[in-house]
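Me: I'd like to go through this model and ask what stands behind the labels. Can you take me through it?

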Amino acid sequence: MSEETQKIAYKAYPLGFCAGVAWSIDNAKRALNDGPVTGLGNLVNNFPVVHSLEARGMTFVEDPVYIPEGARVMISAHGLSESERRLLRDKKTQIIDSTCPLVAKVHERVKRAKEIAVAEGRDWDVLYICKDLEHREPKGVIGEAPDNITPIRTEEDVKDFVPVPGKMYFIDTQTTLNTGKALAWIDRLREKIPDIRIPDLGDVCFATQNRQGALGLVLAREPQVMIAFGSRISSNTSELVKMGKAAGAEVYLVETAEEVQRGMFEGASRVAVTAGASADPMHADKFMRQLSVGGYKIEDLRFGKPEPVNFNIPPRVEDYRNT
Ligand code: SF4
């Protein structure tokens, strides 16, 4: 077969479940072995997984006020603010904490920012770069210090921000942002506040960076179509979708292999496949097998080091630097 007629499907690797999501799901399954569990918010942004846990006896509520006294409660991978945790403690619940350690690390950093500012006797503010304020992760982080966190969500927020003289500023970010955009915004904020404290290693998590990096390699092959596996409410999947669209691919977001219709990719000689960190990779793999049977050559494009499959808990709290 000539190069021109060879159809190719590019798999952006890694894809699908990150260590944090896999860990949360395992925690839920283990906890259900010991009796009923109420999940606070979707445990992970994956409705098939949430429904399968419901079938095993797990219930989900969105607001901690609805948690019954004394219940066994699981905090989702997206975390929870200290005030909400207090509410759970007041209700004498048994808390099973499945906050991803990389989200917990951002909470710890907000607490550390307060310690540093208080020790120096300064007024302080964390500029928190994030997306949807209704998403659980930003809600939980902002809830750590609502009076001392300024959300930075748009280009206008960055442009219009005016520092208060004498105030101590810190930067933290949501874990699932577009890596390039987060770094660009940090640079622009640093121009306004040269001594701003930024997280030493950044807050955008390795899983988000790796999935975006791998997709960047795939998009450089100029696929006509991109199939992204994941949920519409998943923050890191939505960044992958935006990347595909920005590169000019026709992008379809699906949750399962069964949702992929032939018409989505028919006629495309280059197809990209990716999956967000809360998507089960089995769906992408199943679709790749179908493409292979349909005559596509499969190419895996890999990015980053092999990902950890577990975490050190409790999370290591990195300090800030101000360069
Ligand atoms: S995407 Fe990142 S922060 Fe979110 S659960 Fe996975 S590893 Fe943790």
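Reply: Sure, let's start with a term: buried means under 20% relative accessible area, exposed over 50%, and partly exposed in between (1.4 Å probe, protein chains only). Keep in mind that this is a predicted model, where local features need pLDDT of at least 70, side-chain atom pairs count only at pLDDT 80 or more, and totals for chains, interfaces and linings use all residues. Residues are numbered from 1 along each chain as its sequence is written, and side-chain values use heavy atoms, with hydrogens and water left out.

Me: Why is Glu-222 called exposed?

Reply: Its relative accessibility is 56%, and the label asks for over 50%, so Glu-222 counts as exposed. Glu-222 sits in the loop between α8 (206–219) and β10 and has a positive phi of about 55° although it is not a glycine.

Me: What makes Lys-92 exposed?

Reply: Lys-92 has 65% relative accessibility, so it counts as exposed. This residue lies in the loop between α3 (82–90) and β5 (94–97).

Me: What makes α11 a helix, and how does its reach compare with the span expected?

Reply: Helices here are DSSP runs (H or I, at least four residues; strands are E, at least two), numbered from the N terminus. Helix α11 (residues 281–293) has 13 residues. From first C-alpha to last it reaches 19 Å, close to the 18 Å expected; the expected span is 1.5 Å times one less than the number of residues.

Me: Which residues of α11 are buried, and why are they said to be on the same side?

Reply: His-283, Ala-284, Phe-287, Met-288 and Leu-291 are buried. They cover an arc of only 135° around the axis, which puts them on the same side of α11; the arc is that of the directions from the helix axis to the C-beta atoms. On the other side, Arg-289 and Val-293 are exposed.

Me: How do you know that the largest nonpolar core lies between two domains?

Reply: A nonpolar core is a set of buried Ala, Val, Leu, Ile, Met, Phe, Trp, Tyr and Cys residues joined through side-chain atoms within 4.5 Å. Of the 23 residues in the largest one, Val-37, Leu-43, Leu-53, Met-58 and Met-74 touch the most other members. Domain 1 (7–18 + 206–302) and domain 2 (20–100) both give residues to this core, so it lies between them. The domain bounds come from an automatic or database domain assignment.
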